[in-house]
Amino acid sequence: MVTQSSIAPQPLAEGVSPSKALPPAVLLVTGKGGVGKSTVAAGLAHAFARDGARTALVQFNHGHQRTPALHPKVEVVSLERESALEAVAQELLGSRLLARLLLQNFAMRRLIGAAPAVHELAILHAVQQLRRAGFERAVVDMPATGHGLAWLRVPAQLAALLRSGPLHALAERVAKGLADPAETGLVVVTLAEPLVLSETLELLAELRRFDATPAVLAVLNRVPRSLLAAEKLAEATSEAMHPALATALQLRRERLQQVQRFLGPLRDAGLAVTSIPHSAEALTAQFVAQRAFPSQEAA
Amino acid sequence: MATAAPQVIVCAGGGGVGKTTTSAALALALSATPGESKRRVLVVTVDPARRLADALGCASSEPTQQWVEVDGHPLRVLMPKPEDAMQTFAEAVFAGSPEAMARFQRNPIYASLASALGGIQEFVALVTIVQALDEGYDAVVVDTAPSRHALDFLRYPERLATLLESRAMGWLSGLAERVHGRGGRRAKLVDWGRRRVEGALALLLDPSIVKELAALFTELASERGRVVALAHRAKALLLGPSASFVLVGAPTQTSVADLAYLAQQLGELGATPKLIVLNRAEREPEAWLTESDASWSAAEKRVQRALRQEADERVSAGNASEAALRERHIEAPVVRLPEADLKAPVDVVRALSAALTHLEVPERLVHDSSPPHAL
């Protein structure tokens, strides 16, 4: 049995299925680049589907991304910027012809090309529309921290900028959905590395500052073996220890403390926390689903 | 004094692969390489995360431009702040026309644009680079934002120039009158499609917004010459003969896919990567990891074994990634850097800089290129 403060791999919440532990219908998965967002998003979608929910795994324009084999109730939805924008224009103008005319206009195309915020609004709108299409859950593989955060602010900013009119109303609807804890939650993926941890803390602080989407889950991904081994090694060590090992150990102890300092306040704030061991041979969505989000029956 | 174009080294790669650290290490290696005369090196980050400050041990709250000295080697560091982007943009566009600049900045849309426009940040980084070059540098290292955004950065000058050069600007700046004013009557029958577009805009947007938008574009259009010249200069610098691209990656399948994608996109822009740097992918584990001592406790041996296993995984992942790159016909030489198991980010930069120097990377990047061209 691991203690509450340990970083040893642990599932979401014992005896509670991921569907119960994470209520919002739309989960936006973000984190610094390279932390394994896509795999965690796929694993989470897999877990929801395994619990019986029809789930959309949403990806953006990831031309070269491989989609892992997932539960049959998961449907991979690729949202393209252009078609999302066309859908919004069509909805607002009530005419496909008019929407096309507007978006294909030579000046509008250039204007939109230089001001990409409209695309972000359109894509977030499309995500919220997925429930109308019959999905009970949507797990969104978001862009990396810096840009992902900018995305979440776009609807509110556009709503403020546009003041009135149908596009303003749409931006306001999207912003409202993003800030509603019953509808949207943020999943933050992080690693036990100093730079990644400090960027994750900044992200969480920014979220609170802008009253944006509430964070519901932090995933400590790919916890290295050596960190787990160092956690088990008692303070007292032999005199004869190799200097390189002593240095490596010291560094890992500091890193462990850093992780504790990071996780403590998150747990205190009521955020769900789960950690996943690093394993070169098992970096798959199923592995993530099984280790981090086991179903009630399995636990 | 550098009168010729400096060597521009653009570092691009996916997220989380150590791009900023590598850029800083490369800049330090370029500055520290002993030579005939000291190289003047500028390192600039386009990444909004501003991790460059951490990597070089300088305060990120400090001014956008500063000199940093690492082990006696001076580096000029540029970190354009996102919150200053619109101000810098306005100053660059309206240099010499303070009244137009004041009108531009009074426009209510201006303030909202400041945070809403992603591309402005990229453009401002370019402006900052072009301006800094007037100070004369021998080498400039550019740390780009992750993956696709790296390419946006290269394409933005073109996009902005296209927007401003085109008749689109005229159309946009006359928009307010035609959409909500009485000027629309004069439109001819051939303009049917455009009138429809204007009608659609009137349906979507508040009239005052269209008016402000039009005013903003009128101001921009009046200064288009300067913006276009800046954009073209930046493009010549980034895609010209004195630019080299260094792709930075990690030994993972995702990162290799990113590298292949970037190499292909670069090809479409008429460029090829000069070098690929794989981080955390040493060619062999450090010697001490294989030595054992009977006096070690079982717990110590467990830690050593875990470290050894991690190192072995990096070595084989590096081998697999190199093979995968060759399979995808990416010909650029691959430099493999070790995991720098150090605490302070600056120490990591030092260690990687030493590794790059040892592998003669600075020489390969600076001398192996076409002769410098004047801008």
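**Helix faces, nonpolar cores and enclosed spaces**

On helix H4 of chain B, the exposed residues B:Pro98, B:Glu99 and B:Arg106 are carried on the face turned away from the buried side of the helix. In this predicted model, the buried residues of H4(B), which spans residues 98–106, are B:Ala100, B:Met101 and B:Phe104. These three lie on the same side of H4(B), because the arc that they cover around the axis is only 100 degrees.

One of these buried residues, B:Phe104, reappears in the largest nonpolar core, which has 154 residues and in which A:Ile7, A:Val58, A:Phe60, B:Phe89, B:Phe104 and B:Val140 have the most contacts. Helix H6 of chain B (residues 118–133) provides the largest share of this core, namely nine residues. Another core, of 39 residues, lies apart from it and includes B:Leu26, B:Cys58, B:Val348 and B:Ala355. The surroundings of B:Val140 can be described in detail: when its neighbours within four places in sequence are left aside, B:Val140 is in contact with B:Pro6, B:Gln7, B:Val8 and B:Ile9, with B:Leu42 and B:Val44, and with B:Ile129 and B:Leu133.

Chain B as a whole comprises 16 helices and eight strands, and 55% of its 375 residues count as buried. Of the contacts in chain B with a separation of 6 or more, 76% are accounted for by residues 24 or more positions apart.

Backbone geometry in chain B was examined next. Most residues other than glycine have a negative phi. B:His329, by contrast, has a positive phi, near 60 degrees, in a residue other than glycine, and is placed in the loop between helix H14 (298–327) and strand E8 (334–336) of chain B. With a relative accessibility of 63%, above the 50% cut-off, B:His329 therefore counts as exposed. A positive phi of about 60 degrees is also found at B:Glu360, although this residue is not a glycine; the loop that holds B:Glu360 runs between helix H15 (345–358) and helix H16 (361–367) of chain B. B:Glu360 likewise counts as exposed, because its relative accessibility is 53%.

Open and enclosed spaces were also analysed. The second largest pocket, with a volume of about 520 Å³, is lined by 23 residues, and those that lie nearest its centre are B:Glu282, B:Glu286, B:Trp288, B:Glu339 and B:Asp341. Both chains contribute secondary structure elements to this lining, since helix H11 (243–268) of chain A, together with H14 and H15 of chain B, each supply at least two residues. By residue class, the lining of the second largest pocket divides into 13 nonpolar, nine charged and one polar.

Two cavities of 30 Å³ or more are held within the structure, and the second largest of these has a volume of about 40 Å³. The lining of the second largest cavity is formed by A:Val26, A:Leu28, A:Leu124, A:Val127, A:Gln128, A:Leu178, A:Glu183 and A:Thr184. Strand E1 (26–31) and helix H6 (117–129) of chain A each supply at least two of these residues, and H6(A) gives the most, with three. In the lining of the second largest cavity, five residues are nonpolar, two are polar and one is charged.

Conventions:
Residues are numbered from 1 along each chain as its sequence is written. Chains are lettered from A and ligands numbered from 1 in the order in which they are written. This is a predicted model: local features need pLDDT of at least 70, side-chain atom pairs count only at pLDDT 80 or more; totals for chains, interfaces and linings use all residues. Side-chain values use heavy atoms; hydrogens and water are left out. Buried means under 20% relative accessible area, exposed over 50%, partly exposed in between (1.4 Å probe, protein chains only). Helices (H or I, at least four residues) and strands (E, at least two) are DSSP runs, numbered from the N terminus. The arc is that of the directions from the helix axis to the C-beta atoms. A nonpolar core is a set of buried Ala, Val, Leu, Ile, Met, Phe, Trp, Tyr and Cys residues joined through side-chain atoms within 4.5 Å. Contact means heavy atoms within 4.5 Å. On a 1 Å grid over the protein atoms alone, a cavity is a set of points where a 1.4 Å probe fits but cannot get out, and a pocket is an open set with protein on both sides within 12 Å along at least five of seven lines; lining residues have an atom within 4 Å of a point. Grid points are joined across faces, edges and corners, and a volume is the space filled by probe spheres set on the points. Ala, Val, Leu, Ile, Met, Phe, Trp, Tyr, Cys and Pro count as nonpolar, Asp, Glu, Lys and Arg as charged, and the others, Gly among them, as polar.
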